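Please open the structure in the viewer and keep the sequence panel visible beside it. This tour proceeds by selection: each stop names what to highlight and then describes what is found there.

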Amino acid sequence: MPSSTKVTQLQDTPDARAAVASLVERARIAQAEYESYDQARVDEVVTAVGWALVQPDRNRQISELAVETTGLGNVDDKITKNRRKTMGLLRDLQGAKSVGVIQELPELGLVEIARPVGVVGAVVPSTNPAATPTNKTINALKGRNAIILAPSPKGQAACTLLLEFIHAELDRVGAPRDLVQQLPTPVSKATTYELMSQVDLIVVTGSQNNVRSAYSSGTPAVGVGAGNVPVIIDESAELDDAARKITASKTFDNATSCSSENSLVILDAVYDDAIAALERSGGVMLTSAEKQQLEAAMWENGNLSRHIIARKAPEIAQRVGLSRSELQSATFFMVEEQHVGEEYPFSGEKLSPVLAVYRAKDFEAAFDQTRRLLDHQGKGHSCGIHTQDDAHVQRLGLEMPVCRVIVNQAHAFANGGNFDNGLPFSLSMGCGTWGQNSISDNMNYRHYLNITRIARTIPSNEPTMDDLFGDYLNKHGLAGT
């Protein structure tokens, strides 16, 4: 059921309601047809959508348009991100069952059947205006759903171009175009909130205001939390290796990723050597005066300045008026910090190649400092550590309020799944109840499925009183009561 990618101009809420209702109706018709597809046809559709972005010429066009219209990140890294994230997701989905019977457990008398959720509404951020909607679209289509994208206003142009490419590939495989749609332009809060109320499932990445709105919309919703990644460097770390990985992560796409390092907590025993390694890797430590000058320009009325977010370090220096020659060629900036809280903005997420650096006397102090940073912002998201000490890793896993502990890796690449770790490829990080989210894992195709369970009888397995209470009663002298 091909349809035009042309979008309608909206002026008021009644028009928004009607326009969204029209999109949803078309999506339901397309989804009803798509629900009859078998696994092989679904997987072909999924592959087609992946190719819509990964095809090199298209990837470059979208990446160039994304940087031009959002002002965020850089073209080469967006090309790499779009390709890696999409190819990693397709790898994850190879052989994954999402149609019909997906699991049989005869010992329990259970059969699990995958069913679609219906029409998905996906809110996506301007920081990743192609990679994130593609990821959500592929996951939704894997479950035989239709999806309607709600891009940010700045990311709308890139999302529109992406949609044109997706529709061309859907045409190629004979699937309905209306399986993948986008809100009319100009995208507004009115249409985004209408979408939240009219679809069957809403998935939100980006603004925490949107996440909260999704949760209160009355529609089942999956949202993700804010990032503010702290990373510990302990006395056993391989410092040059850590510095290279931190640099690669912090500077990738000009730090648009919510998974890039925001603070380093370095143990006193290796502090000077770690700073030296980071400087060899391209970092420059700001003086106290330069730090104050950067802070004054980086936040406007408590919010990160759009003139600073996702810019290269030399451009930030120029905009801020930092004239020291070393800053004109720096890869990233470091600022020494001691405190945490609203009055110390460097302790929060910066979305730019700027790292706050904390000095801790020992691992216990580093643990406490990391906990304070997360309590301030980013709780539930993730933390990292560069170490050879498994006890330190285990302590973070057992006690730190995060859903991911990234060990000896470039955080921005590893956190959302990488080819050398086992996390699912995703651009949406569930943060559990710590981050006021309903999920604690990387959002993946299973979050876009309903599961029907057929239950048959099995031999009875009813416990006796002694089975359940015998040890307890004997331990506490209650036997015979």
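Why does the sulfur of Cys403 form no bond with the closest cysteine sulfur, in Cys431? Select both residues in this predicted model. The sulfur of Cys403 lies 5.9 Å from that of Cys431, which is too far for a bond, because a disulfide requires sulfur atoms within 2.5 Å. Cys403 itself is partly exposed, with a relative accessibility of 21%.

Next, add Cys258 to the selection. For Cys258, too, the closest cysteine sulfur belongs to Cys431; the separation here is 7.8 Å, again too far for a bond. Cys258 has a relative accessible area of 27% and is partly exposed. A search of the whole structure finds zero disulfides.

**The sheet of three strands**

Now select residues 100-105, which form strand E1, and residues 449-455, which form strand E17. Add residues 110-116, strand E2. These three strands make an open sheet in the order E1-E2-E17, with antiparallel pairing. E1 and E17 stand at the edges with a single partner strand each, so one side of each has no neighbour in the sheet. On average, neighbouring strands in this sheet are turned by 25° against each other, direction ignored.

Look along the pair E1 and E2, which is joined in the antiparallel sense over five bridges. To find one facing pair, select Val101 and locate Ile113 of E2 opposite.

**The sheet of five strands**

Move on to the open sheet whose five strands are ordered E5-E4-E3-E6-E7 and pair in parallel. Its edge strands are E5 (180-182) and E7 (221-223), each of which pairs on one side only. From one strand to the next, the twist averages 20°.

Select residues 119-124, strand E3, together with residues 201-204, strand E6; the two run parallel and are joined by four bridges. Val120 stands opposite Leu201 in E6. Next, display two helices that pack on this sheet. Helix H7, residues 189-198, touches E3, strand E4 (146-151) and E6, and its direction makes about 145° with that of E3. Helix H8, residues 208-215, touches E3, E6 and E7, and its direction makes about 160° with that of E7.

Keep E3 highlighted and show its side chains. Is this strand buried or exposed? Six of the six residues of E3 are buried, so the strand is largely enclosed by the rest of the structure. In a regular strand, side chains alternate between the two faces of the sheet. In E3, Val119, Gly121 and Val123 lie on one side, while Val120, Ala122 and Val124 lie on the other, and all are buried.

Turn to the pairing of E3 with E4, which is parallel and has six bridges. Here Ala122 stands opposite Leu149 in E4. Follow the chain from E3 through helix H5, residues 131-142, to E4: this β-α-β crossover is right-handed.

**Salt bridges**

The final stops concern charged side chains, for which the count comes to 27 salt bridges. Select Arg26 and Asp178, whose closest N and O atoms are 3.3 Å apart in a salt bridge. Arg26 belongs to helix H1 (residues 13-34), whereas Asp178 is in the loop between helix H6 (156-173) and E5, so the pair ties together parts that are 152 residues apart in sequence. Arg26 is partly exposed at 28% relative accessibility, while Asp178 is buried at 5%.

Then select Glu64 and Arg60, which form a salt bridge with closest N and O atoms 3.5 Å apart. Both residues lie in helix H3 (residues 56-70), four residues apart, about one turn of the helix. Glu64 has a relative accessibility of 37% and counts as partly exposed, as does Arg60 at 38%.

Select Asp240 and Arg280 next; in this salt bridge the closest N and O atoms are 2.7 Å apart. Asp240 lies in helix H9 (residues 239-251) and Arg280 in helix H10 (residues 271-280), so this pair ties together parts that are 40 residues apart in sequence. Asp240 is partly exposed at 36% relative accessibility, and Arg280 is exposed at 58%. As a last selection, choose Arg58, Glu169 and Arg172, which salt bridges with shared partners join into one network.

Terms used: Residues are numbered from 1 along each chain as its sequence is written. This is a predicted model: local features need pLDDT of at least 70, side-chain atom pairs count only at pLDDT 80 or more; totals for chains, interfaces and linings use all residues. Side-chain values use heavy atoms; hydrogens and water are left out. Two strands pair if DSSP finds at least two bridges between them. Axes are lines fitted to C-alpha atoms, for helices over the stretch in contact, and angles run from 0 to 180 degrees between N-to-C directions. Contact means heavy atoms within 4.5 Å. Buried means under 20% relative accessible area, exposed over 50%, partly exposed in between (1.4 Å probe, protein chains only). A crossover is right-handed if, with the strands pointing away from the viewer, the path from the first strand over the helix to the second runs clockwise. A salt bridge is a side-chain nitrogen of Lys or Arg within 4 Å of a carboxyl oxygen of Asp or Glu.
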